[in-house]
Amino acid sequence: MKIVAVSGSLRTESFNTRVAKLMAEQAPDGVEVQVLTLHGIPLYDGDLEENEGIPGAVESLRTAIKAADGLVLVTPEYNAGMPGVLKNALDWLTRPGEEMKPTFGGRKTALAGATPGAWGTALAQSGALINLRQLGVHLYPGYLRLSKVHESLGDDGADDKLKQQVRKWLAGFADYIRE
Ligand code: FNR
């Protein structure tokens, strides 16, 4: 089974990208996690789309999502919402309009997120629900909300508790995909 984990942060030292990588490390037997970031995706601009078509970085991401059995969005929280870069990528991925359904319709999708703050990106994840509903994904009801992540994912890597938490959550998502 293949799962694509998309990090919503462009930062080199991003906790969310590191959590996505931890998912790849902690994947249960039979599950492969491919980590992707949103580098190279321009801001959505209808003129750009009309004149130059869908950017290559968007098409690559779409190809990876379509080839996967499951999609994880690992989102930071910016001002109680998902970062603009992640919303921007979702918007591009729904263009042209007829691509929305094959990209997202019925796709087994999970939300995860990490923050040094106290609430584990709960608000960003809640806010994303309205967008994911529009996209028509099948959303995994289990959530991975990592608060105080700088304490569990330090310079030496993830502590055992975090590794176990990520492994268990991913196993649950894999079961959901198999259902
Ligand atoms: C933040 N941060 C933040 N954290 C949080 O828990 N709730 C929030 O509403 C916000 N708001 C916010 C806005 C902006 C503009 C920035 C830059 C940051 C802090 C954020 O969680 C922290 O910078 C994370 O480290 C970002 O994720 P990555 O890049 O480490 O994956």
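Two strands pair if DSSP finds at least two bridges between them, and the strands themselves (E, at least two residues), like the helices (H or I, at least four), are DSSP runs numbered from the N terminus. This is a predicted model, in which local features need pLDDT of at least 70, side-chain atom pairs count only at pLDDT 80 or more, and totals for chains, interfaces and linings use all residues. Residues are numbered from 1 along each chain as its sequence is written, while side-chain values use heavy atoms and leave out hydrogens and water.

**Strand β4 and its partners**

Strand β4 spans residues 108-114, and because 7 of its 7 residues are buried (under 20% relative accessible area, 1.4 Å probe, protein chains only), the strand is largely enclosed by the rest of the structure. One side of β4 carries Lys108, Ala110, Ala112 and Ala114, whereas the other carries Thr109, Leu111 and Gly113. The strands that pair with β4 run parallel to it, as the table shows.

| Partner strand | Bridges with β4 | A bridged pair |
|---|---|---|
| β3 (residues 70-74) | 4 | Leu71 and Thr109 |
| β5 (residues 138-139) | 2 | Lys108 and His138 |
| β6 (residues 144-146) | 3 | Ala114 and Leu146 |

**The ligand**

The residues around the ligand, each with a heavy atom within 4 Å of it, include Phe15, Asn16, Tyr78 and Thr115. Polar contacts are pairs of N or O atoms within 3.5 Å: a polar side-chain atom of Ser9 lies 2.7 Å from a ligand oxygen atom, and a side-chain N or O atom of Arg11 is likewise 2.7 Å from an oxygen atom of the ligand. For Glu77, a polar side-chain atom lies 2.8 Å from a nitrogen atom of the ligand.

Note on methods. A polar contact is a pair of N or O atoms within 3.5 Å; within protein, one must be able to donate a hydrogen and the other to accept it, and residues adjacent in sequence count only if both atoms are side-chain atoms. Buried means under 20% relative accessible area, exposed over 50%, partly exposed in between (1.4 Å probe, protein chains only).
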